[in-house]
Amino acid sequence: MTSRQATTTLWRPTGPGELELVRELDWRAWPPRLPGQPIFYPVLDEDYAVRIARDWNVRHDGAGFVTRFEVESAFLRRYPVRQAGGRTILELWVPAEELDEFNAHIVGRIELVHEFRRAAGRGAEEPRTPR
């Protein structure tokens with residue numbers, strides 16, 4: 001009999017460049033951080049991820065995406081939950097040098113769950129359902 005490991009659902013708001021790198025990694029890992037990006041920030045609340053993708057990524061990149069993925073809960077205990085603002089603005093701070101190990105504890109694939117694009121002459125459009 002096999003027992004399934006407990007997992008925790010995390011979300012990651014991202015722009016088009018990072019999303020393309022995740023595609024290249026077959027939706028199984030996050031790419032290495034760029035210089036000047038010492039921390040990888042997955043978030044614990046889908047609404048928070050949506051707000052970042054819609055309000056920040058669209059403004060800066062023309063598009064924003066929200067991904068969802070599962071990570072082994074026991075592994076995540078090493079990262080304290082950080083409150084970055086309000087009650088539901090919760091993140092994990094994963095040091096860039098630990099990202100390969102973090103990726104090794106992702107269970108299944110990273111899923112694209114929300115997509116936002118800049119409307120002509122406006123801010124973010126309503127979300128689109130990814131295919």
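How many of the 10 residues of strand 3 are buried? Eight are, so strand 3 is largely enclosed by the rest of the structure. The legends below start from that strand. The model is predicted.

**View 1. Strand 3 sits between strand 1 and strand 7 in an open sheet.** The sheet has three strands, in the order 1-3-7, and the pairing is antiparallel. Strand 1 and strand 7 are the edge strands, and each pairs on one side only. From one strand to the next, the twist averages 20°. Strand 3 covers residues 63–72. Strand 1 spans 7–14, and strand 7 spans 106–117. Strands of a sheet pair through backbone hydrogen bonds, either parallel or antiparallel.

**View 2. Strand 1 and strand 3 run antiparallel.** Eight bridges join the two. Arg12 has Thr67 of strand 3 as its bridge partner. Pro13 is bridged to Val66, also in strand 3.

**View 3. Strand 3 also pairs with strand 7.** This pairing is antiparallel too, and it runs over eight bridges. One place to look is Glu70, whose bridge partner in strand 7 is Val107.

**View 4. Trp11 is a buried residue of strand 1.** Its relative accessible area is 13%, under the 20% cut-off, so Trp11 counts as buried. Arg68 lies 57 residues away along the chain, yet the C-alpha atoms of Trp11 and Arg68 are separated by 4.4 Å. Leaving aside residues up to four places away in sequence, Trp11 touches Val66, Thr67, Arg68 and Phe69, among others. Its contacts also include Val113. Further contacts include Pro42, Val43, Leu44, Asp45, Glu46 and Ala49.

**View 5. Helix 1 packs on the sheet.** Helix 1 covers residues 16–24, and its buried residues are Glu18, Leu19 and Val22. Why do these residues lie on the same side of helix 1? They cover an arc of only 100° around the axis, which puts them there. The buried residues pack against strand 1, strand 3 and strand 7. The direction of helix 1 makes about 130° with that of strand 1.

**View 6. Two residues with positive phi lie in the loop between helix 1 and strand 2.** Asp26 follows helix 1. Its phi is near 60°. Trp27 also has a phi near 60°. Neither is a glycine. Most residues other than glycine have a negative phi, and most peptide bonds are trans. Are these residues buried or partly exposed? Asp26 is partly exposed, with a relative accessible area of 38%. Trp27 counts as buried, at 19% relative accessibility. Strand 2, at the other end of the loop, covers 39–40.

**View 7. Helix 2 lies across strand 1, strand 3 and strand 7.** Helix 2 runs from residue 46 to 61, at about 145° to strand 3. Asn57 is found in helix 2. At 5% relative accessibility, Asn57 counts as buried. Which residues does Asn57 touch, not counting those up to four places away in sequence? Pro13, Thr14 and Gly15 are among them. Ile52 is another contact of Asn57. Gly62, Ala63 and Gly64 complete the set.

**View 8. The largest nonpolar core has 19 residues.** Trp30, Phe69, Val71, Leu76 and Phe102 touch the most other members. At least two residues of this core come from each of helix 1, strand 3, helix 3 (73–76), helix 4 (99–104) and strand 7. Strand 3 gives the most, with four residues. In soluble globular proteins, nonpolar side chains tend to be buried together.

**View 9. Leu76 belongs to the largest nonpolar core.** Not counting residues up to four places away in sequence, Leu76 touches Thr8, Leu10, Val71, Leu92 and Phe102. Another core lies apart from the largest one, with 11 residues. Its members include Trp11, Val43, Tyr48 and Phe116. View 4 shows Trp11 and Val43 in contact.

Terms used. Residues are numbered from 1 along each chain as its sequence is written. This is a predicted model: local features need pLDDT of at least 70, side-chain atom pairs count only at pLDDT 80 or more; totals for chains, interfaces and linings use all residues. Side-chain values use heavy atoms; hydrogens and water are left out. Buried means under 20% relative accessible area, exposed over 50%, partly exposed in between (1.4 Å probe, protein chains only). The arc is that of the directions from the helix axis to the C-beta atoms. Contact means heavy atoms within 4.5 Å. A nonpolar core is a set of buried Ala, Val, Leu, Ile, Met, Phe, Trp, Tyr and Cys residues joined through side-chain atoms within 4.5 Å. Two strands pair if DSSP finds at least two bridges between them. Axes are lines fitted to C-alpha atoms, for helices over the stretch in contact, and angles run from 0 to 180 degrees between N-to-C directions.
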